[in-house]
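User: Please take a close look at one part of this model and then carry the description outward to its charged pairs and its ligand. A connected account would suit me better than a list.

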Amino acid sequence: MEYQFAKRMSNVKASAIREILKATADPNMISFAGGNPSAEAFPVKEIEKISADLLKNEPISILQYGITEGDQELLREATKFFNRYEQVTKDGDQMIITSGSQQIMEFAAKTLCNEGDVVICENPSFLGALNAFKSLGAVLRGIEYKDGQLDLEDLKQALSMEPRPKFMYLIPNFQNPTGMTMSLEVRKEVLALAKEYGVLILEDNPYGDLRFAGEAVPSIKSMDEDSLVIYAASLSKIIAPGMRIACCIAPQAIIQKMTVAKQASDVHSNLWAQKVMARYLHDYDMDAHIDRISMIYKKKCHLMVDEMKKHFHPSIQYTIPTGGMFIWVTLPESIDMLTFVKKALEKNVAVVPGNAFLDDDSKECHSFRMNYSTPTDEKIIEGVQILGELTYEMSKISS
Ligand SMILES: Cc1ncc(COP(=O)(O)O)c(C=O)c1O
């Protein structure tokens, strides 16, 4: 049988990261390719206690069907939590609980885009979101970086096209894959441009709480007085991605459309996980938990950067994160990035080739992404040394 698949899936490839992660199942592989929380970062005992209590005392409340928008207790707790330092819920906004923030990306494209509509994204950007947009028929228009910030001239050009793009997808804090943070000035400019051109912003903020240096920058959502921002807040990176709990905060009309999309998709997010999450947010000191895990990432990040300073050829450039989970490494033009990544894999070290994160992955790219949250300290030391040797080996060949 030759299967006839839908056209909209024709330019969506299996995620390069998922494919590399398959190779990392090999116990000998040192993986800097993932983006998972550290094994030390999970509040296992607390989740175990809440789960046991719920199953013993109110099992039907977690085993029954729930409502699409989300469990009332979780909606209340999540609203308190995400608004604790800045007001992200604006007048006329509503919240929906989703199955991870990946589902928010899908619903944004599903509810806003027709086949061929343009979605603006950073170039590079989070592959899972790009694939969700493409699978729903959207066309990506990547905006390049200039001097470490989004190129606003390029953005203006993209925004002025006719018909207008449907929305811009932005990750302002500790971006995936670059680890970079958008400055306050650029956030303000981006919001002003959204207003000027009448284009929505989908602001994705799964890493904002994982700051271990410097001052927090206000979210674009907190500055929006014109109902222009759809805000994606996830609990995956700060509590547990396996629970698949995220929240979308957006103008009511958008959430109502997303609610219909969710009814057609998975009816509601796992009620069991929602109730556990609600209790966790209510019963425990989230900021103390976040401080603890941010310190784990700070230590791991410093270790990786220190090892890179020691072992990498001086021609290699990389970002030095102040939060989040990723380092973006750029090779000199004389070294072919894909060959480098392939050779690294042969030496049992996995990183993600940077072109996987571009609006068009056939574009030339000299960068790759490294993750420091998942590997153990020993693996960080061993893996960076292997990559370092490879940077010298390949610099020699290319010179
Ligand atoms: C920028 C970004 N957004 C969204 C997600 C999806 O996270 P989740 O669906 O677990 O909330 C990820 C996961 O890696 C991510 O890096």
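Analyst:

**A glycine and its surroundings**

Gly354 has a relative accessible area of 0% and therefore counts as buried. The model is a predicted one, and in it Gly354 sits in the loop that runs between β14 (352–353) and β15 (367–371). When its neighbours within four places in sequence are set aside, the residues in contact with Gly354 are Trp328, Met337, Cys365, Ser367 and Phe368. As for its position relative to another part of the chain, Gly354 is separated from Leu136 by 218 residues in sequence, and the C-alpha to C-alpha distance between them is 23 Å.

Turning to the charged pairs, the count of salt bridges comes to 22. One of them joins the side chains of Glu73 and Lys275, at 3.5 Å from N to O. This pair links distant parts of the chain, since Glu73 belongs to helix α4 (residues 72–82) and Lys275 to helix α11 (residues 271–283), 202 residues apart. Both Glu73 and Lys275 are buried. Glu73 also forms a salt bridge with Arg279, where the closest N and O atoms are 2.9 Å apart. Because Glu73 lies in helix α4 and Arg279 in helix α11, this pair ties together parts that are 206 residues apart in sequence. Arg279 is buried, as is Glu73.

A further salt bridge is formed by Lys262 and Asp266, whose closest N and O atoms are 3.0 Å apart. Lys262 counts as buried because its relative accessibility is 0%, whereas Asp266, at 26%, counts as partly exposed. Through salt bridges that share partners, Glu58, Asp71, Glu73, Lys275 and Arg279 are joined into one network.

The ligand is surrounded by 14 residues, of which the closest are Ser101, Asp204, Tyr207, Ser234 and Ser236. By class, this shell holds five nonpolar, six polar and three charged residues. Several side chains place polar atoms beside oxygen atoms of the ligand: for Ser234, an N or O atom of the side chain is 2.7 Å from a ligand oxygen, for Asn176 the corresponding distance is 2.8 Å, and for Lys237 a polar side-chain atom lies 2.9 Å from an oxygen atom of the ligand. On its own the ligand has 400 Å² of accessible area, and the protein covers 91% of it.

Definitions and conventions. Residues are numbered from 1 along each chain as its sequence is written. This is a predicted model: local features need pLDDT of at least 70, side-chain atom pairs count only at pLDDT 80 or more; totals for chains, interfaces and linings use all residues. Side-chain values use heavy atoms; hydrogens and water are left out. A salt bridge is a side-chain nitrogen of Lys or Arg within 4 Å of a carboxyl oxygen of Asp or Glu. Helices (H or I, at least four residues) and strands (E, at least two) are DSSP runs, numbered from the N terminus. Buried means under 20% relative accessible area, exposed over 50%, partly exposed in between (1.4 Å probe, protein chains only). Contact means heavy atoms within 4.5 Å. A residue is near a molecule or strand if one of its heavy atoms lies within 4 Å of it. A polar contact is a pair of N or O atoms within 3.5 Å; within protein, one must be able to donate a hydrogen and the other to accept it, and residues adjacent in sequence count only if both atoms are side-chain atoms. Accessible areas come from the Shrake-Rupley method with a 1.4 Å probe; for residues, only the protein chains shown count as cover. Ala, Val, Leu, Ile, Met, Phe, Trp, Tyr, Cys and Pro count as nonpolar, Asp, Glu, Lys and Arg as charged, and the others, Gly among them, as polar.
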